[in-house]
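Here's a quick look at a multi-chain protein model. Have the viewer open as you read.

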Amino acid sequence: MDHFPTNWGRPRNDAIDLYGTYPIHSRPGPTTDAFSDGVQRTQQPIVTGTSVLAIKYKDGIMMAADTLASYGSLARFKSIQRLHSVGEHTVIGASGDLSDYQYIQSLLDEVMIEEFSAADGHSLSPDEIHEFLSRVMYSRRSQMNPLWNSILVGGFKNGKRFLAYVDLLGTTYSASTLATGYGSYIAQPLLRKAVEGNEDTLTEEQARSILTQSLRVLFYRDARSLNKYQIATINAQGTHISDPVTLDTEWSFAEGIRGYGSQTK
Amino acid sequence: MFRNTYDSDNTVFSPQGRLHQVEYALEAVKQGSAAVGLRSKTHAILLALKRSTGELASYQQKMFRIDDHVGIAIAGLTSDARVLSNFMRQQAMSSKMTFNRPIPVNRLVSSIADKAQVNTQEYGRRPYGVGFLVVGQDQTGPHLYEFSPSGNSYEFYAVSIGARSQSAKTYLERNYEKFQDCTLEELIKHGLHALRETLQQDKELTIHNTSIGLIGEKSTLETGVISAQGSFRILENESVQPFLATMDPPRNKQPTTAPAGEQTVPGGDESMETD
Amino acid sequence: MPDMVNLSAHSQQHPQQRQFNPYTENGGTILAIAGADFSVIAGDTRQSEGYSIQTRYAPKVFRLTDRAVLAVNGFAADGNMFVKKVRQRLEWYRHAHAKDMPLRAIARLIQTMLYSRRFFPFYVYNILAGIEEDGSGAVYSFDPVGSYEREACRAAGAGQSLVQPFLDNQIYFKNQKAAHGTSHPAHLPLNTVLSLVIDSFTSATERHIEVGDGLEIYVVLSKGRPMHGLEGLRGMEEVTTTNDGERVFVIRRDLKKD
């Protein structure tokens, strides 16, 4: 019995360490062990969320995501929350692998608890949270073990709006409208048209209708989306994530589409 | 030189409940030339007296820049100060790297205080022989801290450390209530007056022996620098002259109570707290 | 058994895995030109991936010191991290020596930093521009693993193949013959260089989908050099931090957004 647990699974190398005298960390020889073949890294996402949308508006940031978690083409979980508050000034929303995302949530929660415990009047601002998140994402991609997500970070602190993106490669950018995944093709042009140049005049109501409309278009076009969504607002009042809302959608036109409706030829 | 039993090892308390090695380390701080720190609502400043070992030698460095928003003045062993200030720079940079945030000043000071504390408790170590005054500016405004080898750190309106610093402290205690609303020029003037109190008889503050470190918006008397908004800078030599010129002429100096050496403070405010 | 799948042969193959690709390409173009006592370095501000514009404003050109400006192009995440790391090294140099690192030393530093990642490179093309200790304008260009040389001008990135031949012609006077009895100038004046830079980017924007949106031009002037040709320029801002050395300016312009 080897009493050093880190040595378990590593064959003793008589050429280097004849009597097995080295303690835990300093033991020479190969650093991989018998389990290393079994170590799995995320090579592809498994249970996934689709697009997240976010825009700047007059009073802050508004972000939206549906509540679907897909398992390939299977709509596996239909009530998963993909928006998450981090402290009092920031909301993050993610598409991509949801287990990786939930890990990120707990990581951020841990950081925020540490900050809170310092109790010295300092709290992380949205841009600092985004910086931290991009450090995490970039370092994991550099270890060839990425967290398979595209994440939007929205915040409002000291009268300043913040909206930025980070993904599994550590790529970051900031703009007044952002969308991940399928949304970057379908919703982003709609958002840009509605928002660019109007960031300081759009009311909360207008912002909400722009996002809702974009979500509707996505639901019609993105097979991995759901007509049940949540909207987060981040403004001077703090963060707020709405309860799930169901979109009213119109499918009767489909009856006239060959191969979809009830026509037989 | 007096000597105590129970002083050869910092892991052993004396029967009076004191750690003599730690108290000796505090004495090392008092061997260093004085440094003074003051704070107003808008600025935090440091002033220090530089020593020179002789006509042919340069003046010792008393201030170090840690980051754009933090600087320190030291009294005691310069070599220990370099180790600690390097550590502070690392901490500041790591905060910049992970959060892109200037490290909160209180956390930076706590981090070296924690380091110093380890040296008062573990076998085979010695306490740092240096004390710091730390000025910085962060989300919560300008700050002034004192750090000492005992592992203590406190925030101050105004404070002084080093040789004859008690005289400066007396000046500061008499005047500190005015500091809050001072302009930068007035604050530096007070600082210079306080620093002057630490001088030996027939010595005076010159552009050679005075360093000024400051944080906060630029003074009209500052020359040669356009630092980024209020970041920490050290004024030396010619840059100090305009401020020296603002000083009031010295009062006829009363013979100071203690001679050139340092007044010992038996069980005084500097000793380890036991609570 | 001809109609049965040969299982044994199949099972010997490794399970097929799609390997994670840690790189992407974010478009954009950078360029730098050295003058006798100044240098100019510029980049567009579009960041894209594939056919998507990610943002219309993501800076690629960064002031390092009052006499050195670095432009990075390629994989944006690597680029930003690389700049951050260079800045940290420069900060340590400042702590240790109480002065800014000279340009040629920054160039060598960048080469060692890039080469240290020879087998997992920063996928970034760097161009460094600024003023040498002798007061001359200088441009250093790098490949992703650290090969570098000092040059008079260099373009890199998505629009390199469009811009570099233009610069070769206009700066090095390639394929031009000087009029009889005259010779080509060794260095061009600042306002000529600025015009070349702006023309390079408007042209690249016209013909390359990954170039456009905005233009940031940094100008570094040698110590004591008069401003002539620079003062009052539209969209110019000084970003110098000291007033007794080299001076740095940034000029921001719009490029077409389509």
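The notes below go through one chain, one helix and one interface, all in a predicted model.

## Chain A at a glance

Chain A is built with four helices and 14 strands. Of its 265 residues, 49% are buried. If you look at contacts with a separation of 6 or more, 60% of them join residues 24 or more positions apart. On the outside, chain A exposes about 13,500 Å², with carbon and sulfur atoms supplying 52% of that.

## One side of helix H4 in chain C

Which residues of H4(C) are buried? In this helix, residues 160–170, they are C:Val163, C:Gln164 and C:Leu167. They sit on the same side of H4(C) because they cover an arc of only 100 degrees around the axis. That fits a general rule: an α-helix has 3.6 residues a turn, so residues three or four places apart point the same way.

As for what covers these buried residues, the list includes strand E1 (29–34), strand E10 (153–157) and helix H5 (190–207) of chain C.

## Where chain C meets chain A

Chain C brings 26 residues to this contact and chain A brings 21. Between them the two chains bury about 1,900 Å², 50% of it on carbon and sulfur atoms. C:Phe20, C:Gln54 and C:Met81 supply 30% of the area chain C buries here, more than any other three residues.

There's polar chemistry too: three salt bridges link the chains, and seven residue pairs are in polar contact. One salt bridge pairs C:Arg56 with A:Glu196, whose closest N and O atoms are 3.8 Å apart. On the chain C side, strand E3 (47–49), strand E4 (52–55) and helix H2 (76–97) each give two or more residues, and H2(C) has the largest share with five.

Definitions and conventions:
Residues are numbered from 1 along each chain as its sequence is written. Chains are lettered from A and ligands numbered from 1 in the order in which they are written. This is a predicted model: local features need pLDDT of at least 70, side-chain atom pairs count only at pLDDT 80 or more; totals for chains, interfaces and linings use all residues. Side-chain values use heavy atoms; hydrogens and water are left out. Buried means under 20% relative accessible area, exposed over 50%, partly exposed in between (1.4 Å probe, protein chains only). Contact means heavy atoms within 4.5 Å. Accessible areas come from the Shrake-Rupley method with a 1.4 Å probe; for residues, only the protein chains shown count as cover. The arc is that of the directions from the helix axis to the C-beta atoms. Buried area is the accessible area (1.4 Å probe) that two parts lose on being put together, summed over both. A salt bridge is a side-chain nitrogen of Lys or Arg within 4 Å of a carboxyl oxygen of Asp or Glu. A polar contact is a pair of N or O atoms within 3.5 Å; within protein, one must be able to donate a hydrogen and the other to accept it, and residues adjacent in sequence count only if both atoms are side-chain atoms.
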